[in-house]
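I wanted to practise reading a protein fold from its helices and its buried residues. These are my notes.

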Amino acid sequence: MSGGQERVGGGGTDGGGAFGPGRAGEPAGDVYDWFRRGGRLLAEGNPAAAEQLLARAAAAEPQSHSIREALARAQFDTGSYAAALENFKLVAQADPSDDYAQFGWGVSAARLGDFEASAKHLALAVAMRPEAEHYRAALRQTRATLAARAGAFGPLLPGAPGYLAPPRQSEEEPERGDGPQGGTSTSTSTGTDNGVTAGADGGTGGAGNGVAGGADDEVDDGKKQE
């Protein structure tokens with residue numbers, strides 16, 4: 001895992017010079033020397049040895065975000081993803097603006113199968129540092145995994161990580177089925193019902209409908225007008 005930044009300064013000497021012997025069971029040098037040597041071992045592709053030195057440095061300086069972040073990188077590279085996640089998480093919670101800690105949290109969560117958390121923290125890292133291609137690549141991979149899982153177990157719900165909203169339908173576009181079918185149904189029903197019913201009632205009712213109905217209608221209309 002790459003991309004971390006060394007931000008610890010002071011203490012010790014540069015370049016791995018000679019140091020006095022440490023206490024029993026401790027490597028030579030002080031905590032900052034352990035940090036630099038651990039970072040160098042990590043860069044040289046020896047994360048297991050780096051983890052040993054950085055773990056000692058983190059125990060001696062538990063509030064150092066740079067030491068803990070370097071330790072998390074070493075743990076990630078040795079396959080200790082749960083331990084790496086916890087250390088990246090501690091750094092990110094102490095400093096939410098640390099984009100690399102958010103990135104490390106996200107990729108560690110992905111290795112542990114928690115792709116929802118992975119998408120959340122990778123999206124934060126990308127938002128903070130959009131020019132980082134490895135951030136964007138990790139986020140694309142996590143979202144692709146979420147989309148593939150959604151295809152197997154059903155669609156993603158709105159608000160879920162990786163959810164993409166479908167394009168909105170234009171309000172002016174008529175919905176299918178509102179055109180010719182509706183017109184045919186309306187004209188047929190109205191014409192047939194009104195024509196046949198009115199004709200039958202008018203023809204059969206004759207005098208009853210014409211006289212009585214007319215009188216009743218006029219009385220009702222008069223009462224309404226009063």
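The entries below cover one helix and then the nonpolar cores.

Entry 1. I noted that this is a predicted model.

Entry 2. I looked up the length of helix H2, residues 47–60. Its 14 residues should span 20 Å at 1.5 Å a residue, and I found its end C-alpha atoms 20 Å apart, so the two agree.

Entry 3. Which residues of H2 are buried? I listed Pro47, Ala50, Leu53, Leu54, Ala57 and Ala58. These buried residues lie on the same side of H2, because they cover an arc of only 140° around the axis. I reminded myself that an α-helix has 3.6 residues a turn, so residues three or four places apart point the same way. Gln52 and Ala59, on the other side of H2, are exposed.

Entry 4. I checked what covers the buried residues of H2, and found that helix H1 (31–43) and helix H3 (65–77) are included.

Entry 5. I turned to the largest nonpolar core, which has 21 residues. Phe88, Phe103, Val107, Leu122 and Tyr135 touch the most other members. At least two residues of this core come from each of H3, helix H4 (81–94), helix H5 (99–111), helix H6 (115–128) and helix H7 (133–153). H5 gives the most, with 6 residues.

Entry 6. I took Phe88 and left aside its neighbours within four places in sequence. Its contacts then include Met1, Glu69, Arg73, Tyr100 and Trp105.

Entry 7. I also found a second, separate core, of 13 residues. Among them are Phe35, Ala50, Ile67 and Ala74. Ala50 was already in my list of buried residues of H2.

Terms used. Residues numbered from 1 in each chain as written. Predicted model: local features only at pLDDT ≥ 70, side-chain atom pairs only at ≥ 80, totals over all residues. Heavy atoms only, no water. Helix = DSSP H or I, 4+ residues; strand = E, 2+ residues; numbered from the N terminus. Expected span 1.5 Å × (residues − 1). Buried < 20%, exposed > 50% of the residue type's maximum accessible area, 1.4 Å probe, protein only. Arc of directions from axis to C-beta. Contact = heavy atoms within 4.5 Å. Core = buried A, V, L, I, M, F, W, Y, C linked by side-chain atoms within 4.5 Å.
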